[in-house]
Amino acid sequence: MREISTEVIKETVKDLFIKINYDIGEDVLAALKEGLEKEESETGRAILEQILENDKIAATERIAMCQDTGFSIIFVKLGQDVRITGGDFNEAINQGVREAYQEGYLRKSVVDDPLFDRKNTKDNTPAIIYVEMVPGDKIHIEVTAKGGGSENMSAMKMLTPSQGEQGVRDFVIGTVSNAGPNPCPPIIVGVGIGGTIEKCALLAKKATLRKLGEHNPDPRYAQLEKDLLEEINKLGIGPGGLGGRVTALAVNIEHFPAHIASLPVVVNICCHAARHGEAVI
Amino acid sequence: MTKQYKKITTPLTDEVVKSLKAGDNVLISGEVYTARDAAHKRFISCIKEGKELPIDLNGKVIYYVGPAPAKPGYVCGSAGPTTSGRMDSNTPPLLDRGLKGMIGKGLRSPEVVESMKKNKAVYFAATGGAAALIAKSIKKVELVAYEDLGTEAVRKMVVEDLPVTVVIDSEGNNLYETGPVKYKR
């Protein structure tokens, strides 16, 4: 049994949220630069240049790359041989978020009640926390700060099994097409296929976290990712939605077994400011 | 930058508005006012209750933004555009009261476009997610109303060469429609 204190967990969460809001991932940077080379639209290229310049300013000056510093989501893989000491595990994570958003000059974007009060909680909590128990004596923490603009353009649908692959393709393309300029293209398209309605949404969210350039290990899904990316980049939406070739940087699919009656699909759109990071304690 | 820019100064006159065409790249200088979801809701309540709005909208430009907090030594935190469509249902009454320009990102409703044509107004897009870059154009920030709304409060920003693109002009031409068509395969 290995002991890990809540203080260490809090500090890890805090450092991660500050870092991901200042430093865009190398994979996203590489994809944006590749997009700049591919983009045929002059306006599109200018938008991509602005984004690259923006990301450089954020990293150099240690400021948020986007004013929407997102809802804080934390995926924890908790080793079953770990004993947590020093207090409440969930509270430690929330405290990490609180301190990151305060000390990192990040925007507080969470309201306490979704429908009636909508009062800002003023510290970006509560965080959304998922815990999965795994073998071992380590804690793996993966975080993402999810912006509202792209989240709002995400969609879910319970397809019938007979609608099959074509149904999935039509739904993904239709969702991206409807989103148009709203989710800050170029986007990353996370797709969940299978499971139940909530499992499918979680798959789609996790798909947005995958490193760009990596594909689903199943060659059939990997091919579908490539095909969908090509189709999306034929839509013409382009950077900023002003017209162009580079609408999406990647399509990432995560899949899971499904009920004999079901084919759930969720499309979770993530903007080019794809902020995620991980640490192992 | 590979683009050519038109320079304009706020407040906007009808003449300037009419000279702006969908697709123009523009650098805005002067005052712009921040307002997003919660502030728009309050504007509309004011109008319904016959109360005076906290800003005289004549010739004004509203920027749909909720900035990040400013780090010490900074005038403003990162401040990119939010999705404009959420303000659609509350926009025509503001255009009827003289609002001439809106800065945001994303689609507008047919009702907003009709009201823009009727009232001669223009819709600009700033680059979504280029918030740290955009903040460089913001030279002064002053609270105007609704401090309790935090990041969503109404603020007067003095901007210098804020880079935007005309997406919908006062004749209703829409770059979000014409731009993608050119690149659709």
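## A two-chain predicted model

Chain B holds six helices and seven strands. Before going further, please keep in mind that this is a predicted model. Read from the N terminus, the elements of chain B follow the order β-α-β-α-β-α-β-α-β-α-β-β-α. The radius of gyration of chain B is 16 Å, close to the 16 Å that the globule rule gives for 185 residues, so chain B is as compact as a globular protein of that length.

Chain A has its own mix of elements, with eight helices and 10 strands. For 281 residues, a compact globule would have a radius of gyration near 19 Å, and chain A agrees with its 19 Å.

Here are the two chains side by side.

| Chain | Extent along the principal axes | Buried residues | Share of contacts (separation of 6 or more) between residues 24 or more positions apart |
|---|---|---|---|
| Chain A | roughly 55 × 50 × 40 Å | 49% of 281 residues | 81% of contacts |
| Chain B | about 45 × 40 × 30 Å | 50% of 185 residues | 62% of contacts |

### Where the chains meet

How many residues does each chain give to the contact between them? Chain B contributes 40 residues and chain A contributes 44 residues. On the chain B side, the elements that give two or more residues are helix 5 (131–135) and helix 6 (175–183). Helix 6 of chain B supplies the largest share of that side, with seven residues. Sorted by class, the side of chain B that touches chain A has 18 nonpolar, 16 polar and six charged residues.

### The domains of chain A

Chain A is divided into domain 1, which covers 2–20 + 65–146, and domain 2, which covers 149–273. The C-alpha centres of these two domains of chain A lie 26 Å apart. Where they touch, six residues of domain 1 of chain A are in contact with four residues of domain 2 of chain A. The domain 1 side of this contact divides into two nonpolar, one polar and three charged residues.

### A sheet with the order 4-2-5-10

Let us turn to the sheets of chain A. One of them is an open sheet of four strands in the order 4-2-5-10, with mixed pairing. Its edge strands are strand 4 (128–134) and strand 10 (275–280) of chain A, each of which pairs on one side only. Neighbouring strands of this sheet are turned by 15 degrees against each other on average, direction ignored.

Within the sheet, strand 2 (residues 71–79) and strand 5 (residues 139–146) of chain A run antiparallel and are joined by eight bridges. If you would like a residue to look for, I73(A) stands opposite T144(A) in strand 5 of chain A.

### A sheet with the order 6-9-7-8

Chain A also has an open sheet of four strands in the order 6-9-7-8, again with mixed pairing. Strand 6 (155–159) and strand 8 (248–258) of chain A stand at its edges with a single partner strand each, so one side of each is left without a neighbour in the sheet. From one strand to the next, the twist averages 15 degrees.

Strand 6 of chain A pairs with strand 9 (residues 263–270) of chain A in the antiparallel sense, over five bridges. M158(A) is found opposite P264(A) of strand 9 of chain A.

Which strands does helix 7 of chain A touch as it packs on the sheet? Helix 7 (residues 197–209) touches strand 6, strand 7 (187–195), strand 8 and strand 9 of chain A. The direction of helix 7 of chain A makes about 150 degrees with that of strand 7 of chain A. Helix 8 (residues 219–232) of chain A packs on the sheet too, touching strand 7 and strand 8 of chain A. The direction of helix 8 of chain A makes about 140 degrees with that of strand 8 of chain A.

### A closer look at K14(A)

One lysine makes a good stop for the viewer. K14(A) sits in helix 1 (residues 6–22) of chain A. Is K14(A) buried or exposed? K14(A) counts as buried because 21 other C-beta atoms lie within 10 Å, and the cut-off for a buried residue is 20 or more.

Leaving aside residues up to four places away in sequence, K14(A) touches G96(A), E99(A) and A100(A). K14(A) and E103(A) are 89 residues apart in sequence, with a C-alpha to C-alpha distance of 9.2 Å in space.

Notes:
Residues are numbered from 1 along each chain as its sequence is written. Chains are lettered from A and ligands numbered from 1 in the order in which they are written. This is a predicted model: local features need pLDDT of at least 70, side-chain atom pairs count only at pLDDT 80 or more; totals for chains, interfaces and linings use all residues. The radius of gyration is taken over C-alpha atoms; the globule rule is 2.2 Å times the number of residues to the power 0.38. A residue is buried if 20 or more other C-beta atoms lie within 10 Å of its own, exposed if 12 or fewer, and partly exposed in between; C-beta atoms are placed from the backbone. Two residues are in contact if their C-beta atoms, placed from the backbone, lie within 7 Å. Ala, Val, Leu, Ile, Met, Phe, Trp, Tyr, Cys and Pro count as nonpolar, Asp, Glu, Lys and Arg as charged, and the others, Gly among them, as polar. Two strands pair if DSSP finds at least two bridges between them. Axes are lines fitted to C-alpha atoms, for helices over the stretch in contact, and angles run from 0 to 180 degrees between N-to-C directions. Domain bounds come from an automatic or database domain assignment.
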